[in-house]
Amino acid sequence: MGIAERKQEEKQEMHKRILTGARKIFLEKGYEQTSMRNIANEINYSPGSIYFYFKDKSEIFHELHKEGFHLLVNQLKVLNKVADPFERLKAMGRIFIQFAKDNKDYYNLMFIVDEPQKVSETGGFKIAQEAINQLSAVIKECQQKGRFKGMDPEYFTFMILSAMHGICALFCTDRTTSFVGKTNDELMHHGYECFVALLEKS
């Protein structure tokens, strides 16, 4: 490996270390209490050096957002080969919920941890909008096949996303303990299947 290749590899490794450390600090302290200094302390690096990679904590936070949404959207893309849009819709919910179970840290950063400088004020993330557009497109296909008659597709998309997010948010914020005798897997799986049963009647 040449010098240039080694330096590039070291740069990528450092970039990854910063994001890994920042993800931990954002989740522990929240956005407001997170600083470039305590991110640097987490990875035993000098605060000044981090600025060679990111201009501020907002840029780091947004990078983590994008990583999470890339993971989610890539998983949803495997459903493109499913011909029946209603089957695709039901499977999207299962993938969304499984994503939250497998990537709790990312899910919390994507949907739970609040940032004062809202995404909409910074131009938003195309990748996040892509996920919503994908859901909306499937719902419109379902309507073309005769399902969800009379439903406004935008409001219906919001409702379905809210239902899936509710299941995931209760899990990711450890709010499922009130359901005594039920595991998280049971609550998330059977809870979603109850929701699917309602959709099947529409």
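Which residues are buried in α9? They are Met188, Tyr192, Phe195, Val196 and Leu199. Viewed down the helix axis, the buried residues of α9 sit within an arc of 105 degrees, so they line one face of the helix. Flip to the other side of α9 and you'll find Cys194 and Leu198, both exposed. As for what lies over the buried residues of α9, the cover includes α5 (85–102) and α8 (153–172).

The length of α9 works out too. Helix α9 takes in residues 184–200, and at 1.5 Å a residue its 17 residues should span 24 Å; the end C-alpha atoms are 24 Å apart, which agrees.

Now for the whole chain. Keep in mind that this is a predicted model. The protein chain has nine helices and zero strands, so to speak an α-α-α-α-α-α-α-α-α run from the N terminus on. Here are some chain-wide values:

| Property of the protein chain | Value |
|---|---|
| Box filled by the C-alpha atoms, along the principal axes | roughly 60 × 40 × 35 Å |
| Buried share of the 202 residues | 39% |
| Exposed area | about 11900 Å² |
| Part of the exposed area from carbon and sulfur atoms | 52% |

What about contacts along the sequence? Take those between residues at least 6 apart in the protein chain: 71% of them join residues at least 24 apart.

Last, the charges. The protein chain carries 28 positive and 27 negative charges, and the mean positions of the two sets are 2 Å apart.

Notes
Residues numbered from 1 in each chain as written. Predicted model: local features only at pLDDT ≥ 70, side-chain atom pairs only at ≥ 80, totals over all residues. Heavy atoms only, no water. Helix = DSSP H or I, 4+ residues; strand = E, 2+ residues; numbered from the N terminus. Buried < 20%, exposed > 50% of the residue type's maximum accessible area, 1.4 Å probe, protein only. Contact = heavy atoms within 4.5 Å. Areas by Shrake-Rupley, 256 points an atom, 1.4 Å probe, with all protein chains shown as cover. Lys, Arg positive; Asp, Glu negative; His and termini not counted. Charge placed at Lys NZ, Arg CZ, Asp CG, Glu CD. Expected span 1.5 Å × (residues − 1). Arc of directions from axis to C-beta.
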